[in-house]
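Here is a friendly walk through some helix packing, a nonpolar core and a few individual residues. Please have a look at the model first.

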Amino acid sequence: MGRVGRLPVAVALGALFNPLNSSMIAIALARIEAEFHVGVVAVTWLAAGFYLTAVAVPPVMGALADRFGPRRVFCAGLIMVGLTGALAAVAPTYPVLVVARLLQAFGSCATLPAGMAIITATAEKGRPPPRVIAMISMVLTASAAAGPVLAGFLVSLWGWRAIFLVNVPLAALALVPALRWLPKVAPVRRRRAWLPRPRPALLATYGLFALVNVVFYLAFIMVPLWAQRSGGLPPHLAGLLVLPMAVSAIVMTPVAVALAARAGLRAVLLASAALLLAGSCVMFWAGPIGLVLVTTSLIGLASAFSQFGLNSLVFVHTDRNETGMAVGLFQASRYIGAATAASITGVLFDPASMGPSGWVMVTASTLILLAGFIIPVETSDEESRQNQ
């Protein structure tokens with residue numbers, strides 16, 4: 001594997017910890033609730049607290065990567081993921097577990113903005129090629145969707161603490177290629193403030209990504225929790241219900257790249273919105289296992305399109321010298337949606353039906369579809385002059 005190919009692989013390996021840990025917790029919530037006797041509303045804060053932390057931290061990590069060097073921030077994030085995974089695995093009380101979980105968010109939020117800053121700095125045209133964006137988007141979506149599947153087997157075999165302990169060897173494995181393959185990139189020396197100029201097109205991209213993740217996270221938090229509390233399924237079988245999300249992300253991301261090349265990014269965004277709306281509508285009847293799988297399959301397909309399309313728009317509307325901060329804000333918008341979904345789950349969870357969540361998902365999907373027609377998908381003349 002040449003240097004060009006090694007770089008995105010190293011970045012992807014480090015970036016998967018954030019979505020993976022954001023989703024594995026969904027399977028463990030029922031066991032943690034039972035052990036610490038904290039109730040459904042309280043235990044969902046293990047998810048919501050991670051997501052809220054992940055709203056604030058990525059922009060800070062991106063700014064640190066731009067200012068002090070992305071390779072240093074990337075590797076420090078991996079080390080922190082491993083240490084906090086070990087701490088959470090031995091947590092004796094629920095408050096200690098919550099603290100470890102929040103610290104875990106700090107480490108896992110560092111790798112994506114730092115890694116994309118490295119890729120952008122070394123790209124010939126100052127913008128990551130579509131195949132690199134596609135590869136990393138696929139890893140992010142697939143790891144988020146595969147988290148409950150992996151967690152299901154870990155919890156069934158070794159208990160809920162295993163979902164945290166697994167971060168230790170995985171972080172060590174990811175650190176090796178990071179140290180060997182990531183080049184040193186000089187920090188950005190500029191007199192401007194750390195925050196990038198607010199660009200309407202970029203802000204619209206962040207808002208749309210947050211809405212997409214309200215729908216995505218509602219599905220994969222609600223489905224495993226409903227399957228265990230209502231259907232009586234063991235954790236490993238409940239996790240398998242969201243496996244189509246991961247499979248769809250792997251299969252459909254190359255299709256999204258091809259569609260963007262043929263019809264443009266707007267077509268990708270509209271296809272994503274239509275699939276999200278279809279999957280959300282099925283939630284009203286998602287009692288039989290077959291319909292649950294239809295829902296997760298459609299939302300997985302949609303996520304593959306939206307992750308690639310919106311991630312590509314970030315680089316369309318961003319100054320390359322502000323890549324770390326811009327990607328950090330994009331990552332934060334994912335968890336604005338995720339935190340909203342986790343909070344909604346705690347309020348609307350009904351063991352007998354997923355209909356209440358379905359209404360929220362349909363509303364969000366409709367807004368996403370409407371936004372897909374108007375969001376800018378090309379760099380304006382003014383933005384082009386600013387980026388030069």
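Helix H5 (residues 70-89) packs against helix H10 (residues 167-181) at an angle of about 165°, and their axes are 8 Å apart. The axes here are lines fitted to C-alpha atoms, for helices over the stretch in contact, and angles run from 0 to 180 degrees between N-to-C directions. H5 and H10 are therefore roughly antiparallel to each other; angles over 145 degrees count as roughly antiparallel, under 35 as roughly parallel, 65 to 115 as roughly perpendicular and the rest as oblique. On the H5 side, the contact involves Arg-71, Phe-74, Cys-75, Leu-78, Ile-79, Val-81, Gly-82, Gly-85 and Ala-86, while H10 brings Asn-167, Val-168, Ala-171, Ala-174, Leu-175, Ala-178 and Leu-179. Contact means heavy atoms within 4.5 Å. Sorted by class, the contact of H5 with H10 has 12 nonpolar, 3 polar and 1 charged residues. In this sorting, Ala, Val, Leu, Ile, Met, Phe, Trp, Tyr, Cys and Pro count as nonpolar, Asp, Glu, Lys and Arg as charged, and the others, Gly among them, as polar.

A word on the source: this is a predicted model, in which local features need pLDDT of at least 70 and side-chain atom pairs count only at pLDDT 80 or more, whereas totals for chains, interfaces and linings use all residues. Residues are numbered from 1 along each chain as its sequence is written, and side-chain values use heavy atoms, with hydrogens and water left out. Helices (H or I, at least four residues) and strands (E, at least two) are DSSP runs, numbered from the N terminus.

A second helix pair is H13 (residues 243-263) with H14 (residues 265-282), whose axes come within 7 Å and cross at roughly 130°. H13 and H14 are therefore oblique to each other. Here Ala-256, Leu-259, Ala-260 and Ala-263 of H13 meet Leu-265, Ala-267, Val-268 and Ala-271 of H14. By class, this contact of H13 with H14 has 8 nonpolar, no polar and no charged residues.

What about the nonpolar core? The largest one has 123 residues, and those with the most contacts inside it are Ile-32, Tyr-51, Leu-97, Ile-136, Ile-163 and Tyr-217. Helix H11 (residues 200-229) gives the largest share of this core, 17 residues. Such a core is a set of buried Ala, Val, Leu, Ile, Met, Phe, Trp, Tyr and Cys residues joined through side-chain atoms within 4.5 Å. Not counting residues up to four places away in sequence, Ile-32 touches Ile-25, His-37, Val-43, Leu-46, Tyr-94, Leu-97 and Trp-160.

Four more residues are worth a visit. Buried means under 20% relative accessible area, exposed over 50%, and partly exposed in between (1.4 Å probe, protein chains only).

| Residue | Place | Relative accessible area |
|---|---|---|
| Ser-272 | helix H14 | 1%, buried |
| Leu-170 | helix H10 | 29%, partly exposed |
| Ala-186 | loop between H10 and H11 | 60%, exposed |
| Asn-311 | helix H15 (residues 289-316) | 5%, buried |

Leaving aside neighbours up to four places away in sequence, Ser-272 touches Ala-302, Phe-305 and Ser-306. Asn-311, with neighbours within four places again left out, is in contact with Ile-133, Ser-137, Ser-306 and Phe-330. Leu-170 touches Phe-17 and Leu-20, not counting residues up to four places away in sequence. The C-alpha atoms of Leu-170 and Leu-78 are separated by 9.3 Å, although these residues are 92 apart along the chain. Ala-186 and Gly-85 lie 101 residues apart in sequence, with 31 Å between them in space, C-alpha to C-alpha.
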